[in-house]
Amino acid sequence: MKWIEAASYGEMSKIAADLFIDHIQKDSKSVIGLATGGTPEGFYKELVKSYEAGEISFSETTTFNLDEYVGITEESEASYHHYMKKHLFHYIDIKPENIHLPNGSAPDLEKAAKEYESKIKEAGGIDVQLLGIGINGHIGFNEPGSSFEQETHIVELTASTREANKIYFERLEDVPTHAITIGIQTIMQAKKIVLLISGASKQEAYDRLRTGQVTEQFPASVLHLHGDVTVIYTGVS
Ligand SMILES: O=P(O)(O)OC[C@H]1O[C@](O)(CO)[C@@H](O)[C@@H]1O
């Protein structure tokens with residue numbers, strides 16, 4: 001695992017964006033794994049900036065997002081479909097057919113999960129995967145106790161995750177109880193992984209990850225078993 005300490009949130013976002021930009025410039029057909037949440041907002045700003053400066057095109061790039069809530073529509077402002085349009089897809093030249101997010105509104109969620117996993121495989125797997133980390137160590141929505149062997153599946157969100165994400169909803173009761181997420185096995189099959197950690201609320205997760213102990217009780221710890229992980233962190237010590 002490579003650890004890079006950034007002096008600020010802006011610097012963390014820029015270092016991470018440059019890694020992805022470099023990858024896409026070298027291989028325009030890259031398959032990129034994307035994350036949502038507060039942490040990568042600056043990262044997306046940097047990608048948009050680079051696109052607007054004419055430094056990069058996403059016209060041949062394919063994306064797969066990590067996760068989506070179950071039980072809210074794609075149009076809902078709290079959905080990750082909406083988040084991705086708002087922070088990235090609206091501004092760049094990516095082809096709509098190359099954008100993939102799990103379908104949390106599918107009538108048959110198990111089937112939707114299987115289909116999503118197949119699409120990733122058909123695309124040849126993920127070249128570079130962006131990750132954030134939950135305060136409880138979740139990656140994607142793989143909560144503590146998730147098996148390291150899982151592919152895309154449906155999860156029940158923990159109380160702490162629902163509490164942390166309630167800022168995106170009017171009331172705690174509105175935060176979905178379930179989500180559809182890429183599994184840890186899928187994440188581990190990505191050729192390269194970039195994990196962002198930002199801010200004091202992630203101190204405990206950062207400390208735990210640094211100890212190196214691998215356990216399903218702390219999902220991000222699985223990353224120690226991957227050969228190409230870069231952690232870019234700021235605001236933790
Ligand atoms: O960056 P945040 O908002 O702290 O979220 C942490 C992680 O939790 C999730 O929101 C759950 O999917 C991830 O997308 C994100 O990486």
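**Two sheets and a helix pair**

Strand 4 and strand 8 (residues 178–181) run antiparallel and are joined by 3 bridges, where strands (E, at least two residues) and helices (H or I, at least four) are DSSP runs numbered from the N terminus, and two strands pair if DSSP finds at least two bridges between them. The model is predicted, so that local features need pLDDT of at least 70 and side-chain atom pairs count only at pLDDT 80 or more, while totals for chains, interfaces and linings use all residues. Residues are numbered from 1 along each chain as its sequence is written.

Within this antiparallel pair, Asp67 stands opposite Thr181 of strand 8. The two strands belong to an open sheet of 3 strands with antiparallel pairing, ordered 4-8-7, in which strand 4 (67–69) and strand 7 (153–156) are the edge strands, each pairing on one side only. From one strand to the next in this sheet, the twist averages 25°. Helix 4 (residues 109–122) packs on the sheet and touches both strand 7 and strand 8, its direction making about 125° with that of strand 7; angles run from 0 to 180 degrees between N-to-C directions, and contact requires C-beta atoms, placed from the backbone, within 7 Å.

A further open sheet comprises 7 strands in the order 1-10-9-6-2-3-5, and its pairing is parallel. Strand 1 (2–5) and strand 5 (99–100) each have a single partner strand at the edges of this sheet, so one side of each is left without a neighbour there. Strand 1 pairs with strand 10 (residues 229–234) in the parallel sense over 4 bridges, and Ile4 stands opposite Ile232 of strand 10. Helix 1 lies across strand 1, strand 2 (31–34), strand 6 (128–131), strand 9 (192–198) and strand 10, running at about 155° to strand 10.

Helix 1 (residues 9–26) also meets helix 2 (residues 41–52), their axes coming within 8 Å and crossing at roughly 55°. The two helices are therefore oblique to each other, a class left over once angles under 35, over 145 and from 65 to 115 degrees are set aside. Helix 1 passes helix 2 in a right-handed crossing. On the side of helix 1, the contact includes Tyr9, Ala17, Phe20 and Ile21, and on the side of helix 2 it includes Phe43, Lys45, Glu46 and Leu47. By class, this contact has 7 nonpolar, 4 polar and 3 charged residues.

In an unreviewed entry, UniProt lists residues 19–227 as "domain: Glucosamine/galactosamine-6-phosphate isomerase". Over this range the chain is 30% helix and 15% strand, with the end C-alpha atoms 17 Å apart.

Definitions and conventions:
UniProt positions renumbered as here; feature names shortened; annotations may be inferred. Left-handed = near helix turned anticlockwise from the far one by under 90°. Contact = placed C-beta atoms within 7 Å. Nonpolar A, V, L, I, M, F, W, Y, C, P; charged D, E, K, R; others polar.
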